[in-house]
Amino acid sequence: MKRLLSPLNTVVLTQFLSAFADNLNFFLIVGMVKRQGVANPDIAVNYIQIAFLCAYVILAPVVGAFADKKAKSNVLLLGNILKAIGIAMLLFGLPPALCYVFVGIGAVVYSPGKYGILTELTSTEDELLRANAKVEGSTILAILLGTVAGGFLAENSDLPAVLTCLGVYLLSLFMTLIIPARAGNKSLRYGKEAVQFLRDFALLFRNSRARFSLIGTGSFWLTAAVLRIALIAWLPLNLGIEDTDQQSMMIGITAIGVVCSAFLTPRLVPAGRLHRAFYYGLFMVASVMVASMTYVLWLTIILLFLIGVFGGIFVIPLNTMLQEEGKALIGSGKTIAVQNFVENVLTVSGLLIYLTLSQMNVSVNGSVIGIGLVLLLFILFLATQLSGIKAVKAPVLRERQEH
């Protein structure tokens with residue numbers, strides 16, 4: 001039992017529960033918006049998603065310092081409390097958009113603690129890579145199950161979904177109490193660190209491995225966010241799938257692919273060869289492009305699965321690369337805050353591009369192809385950085401050589 005609830009496994013379980021509720025509440029919000037009789041529910045959901053992500057952009061300058069100053073287990077605890085409050089607000093009839101923004105604030109507090117604590121619980125690049133694979137794999141499994149559960153629960157009634165979501169957040173909250181509370185850097189000052197955020201941002205972008213990772217993970221999450229919104233409109237149009245529960249199951253297929261990628265990544269992109277992730281980014285782009293042009297159910301299922309597999313093998317090593325460099329340069333919590341800022345600026349930009357294309361009456365297929373082209377541009381930029389990345393060793397390897 002002690003081994004099952006080791007600090008690292010407890011973090012993985014805590015993250016699984018929190019991510020499960022995060023994705024359940026997305027489909028809860030989608031179901032509520034549809035039942036409210038909004039003229040264009042797809043556009044409304046897009047705006048709500050943008051509002052959620054804006055919390056990451058606005059709070060990025062201070063949450064990294066907060067995560068590094070406090071014990072990271074306490075940071076996870078506070079994040080879950082804020083998420084639970086946001087969902088509980090739905091019980092009092094407050095607007096779903098407002099409640100979802102509050103959940104977003106909880107998510108932005110939670111995220112630096114989630115990844116930052118991994119560097120405290122591991123000591124080598126290989127251990128960190130495997131820890132990231134565990135966290136990403138459990139997160140995507142949670143996305144899969146939360147997506148499916150949210151689709152079914154939100155199809156007919158709001159209350160069961162709200163209560164389930166609230167209960168899971170509370171369970172995740174209690175799990176964080178088991179994680180050892182290791183003291184943070186109490187000397188940090190928020191005002192000073194907010195100013196320092198821009199310097200940290202510039203410092204990471206001057207580092208070739210960190211820059212490669214930030215652009216790569218940002219382009220991945222841009223694509224993932226737009227696809228999740230686009231599929232809600234695309235599935236009825238191309239495949240005639242209109243029920244929320246069936247849509248959530250189709251979106252969950254991509255999550256199954258990412259779960260599989262967590263097992264494949266350490267074998268296909270081993271420690272010391274993290275730059276190989278780039279090639280799987282190319283495969284992901286190709287899968288997105290082909291998927292946007294198919295009208296056949298079985299082929300769509302295969303392509304959505306492959307998008308998940310290639311996307312996971314692309315993003316997991318890049319997270320490891322960034323955590324290694326970031327911990328050595330500016331601290332793990334502040335690194336994740338910069339990463340969240342970059343990812344969410346790109347994601348909001350992608351959603352705004354998709355929204356603009358929709359309002360210009362560009363077809364859903366055309367909009368998805370447009371986002372695929374944006375992703376391709378990012379991947380082509382990464383191609384120009386690849387030779388430099390291959391020549392640079394990880395901080396752990398550099399330190400070993402010096403000693």
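Contact here means heavy atoms within 4.5 Å. Keep that in mind as you move through this predicted model.

**Stop 1: α8 and α10**

Select helix α8 (residues 208-239) together with helix α10 (residues 277-291). They pack at an angle of about 20°, and their axes are 12 Å apart. Angles under 35 degrees count as roughly parallel, so α8 is roughly parallel to α10. Their crossing is left-handed.

Now show side chains. On the α8 side of the contact, pick F212, F220, T223, L227 and W234; on the α10 side, pick F278, M284, V288 and A291. Colour them by class and you should find eight nonpolar residues, one polar and no charged.

**Stop 2: the second largest cavity**

Keep L227, W234, V288 and A291 selected, since these residues also line the second largest cavity. Add A230, L231, S292, T300, L304, I307 and V368 to complete that lining. Which elements give two or more residues to it? They are α8, α10 and α11, and α8 gives the most, with four residues. The space inside is about 100 Å³. By class, the lining has nine nonpolar residues, two polar and no charged.

**Stop 3: the largest cavity**

Zoom out for a moment: a search of the whole structure finds four cavities of 30 Å³ or more. The largest has a volume of about 1,000 Å³. To centre your view on this cavity, select N23, I143, W221, A224 and R228, which lie nearest its centre among the 46 residues of the lining.

Next, colour the helices that each supply at least two lining residues: α1 (7-35), α2 (41-69), α4 (96-121), α5 (125-156), α8, α9 (244-268), α11 (297-329) and α12 (332-359). How does this lining divide by class? It has 24 nonpolar, 16 polar and six charged residues.

**Stop 4: α7 and α8**

Finally, return to α8 and add helix α7 (residues 190-206). This pair packs at an angle of about 105°, with axes 5 Å apart. Because angles of 65 to 115 degrees count as roughly perpendicular, α7 is roughly perpendicular to α8.

For the contact itself, select L204, F205 and R206 of α7, then S208, A210, R211, L214 and I215 of α8. Here you will see five nonpolar residues, one polar and two charged. Compare that with the contact of α8 with α10, where no residue is charged.

Definitions and conventions
Residues numbered from 1 in each chain as written. Predicted model: local features only at pLDDT ≥ 70, side-chain atom pairs only at ≥ 80, totals over all residues. Heavy atoms only, no water. Axes fitted to C-alpha atoms, helices over the stretch in contact; angles between N-to-C directions. Parallel < 35°, antiparallel > 145°, perpendicular 65-115°, else oblique. Left-handed = near helix turned anticlockwise from the far one by under 90°. Nonpolar A, V, L, I, M, F, W, Y, C, P; charged D, E, K, R; others polar. 1 Å grid on protein atoms, 1.4 Å probe; cavity = no way out; pocket = protein on both sides within 12 Å on 5 of 7 lines; lining within 4 Å. Points joined across faces, edges and corners; volume = space filled by probe spheres on them.
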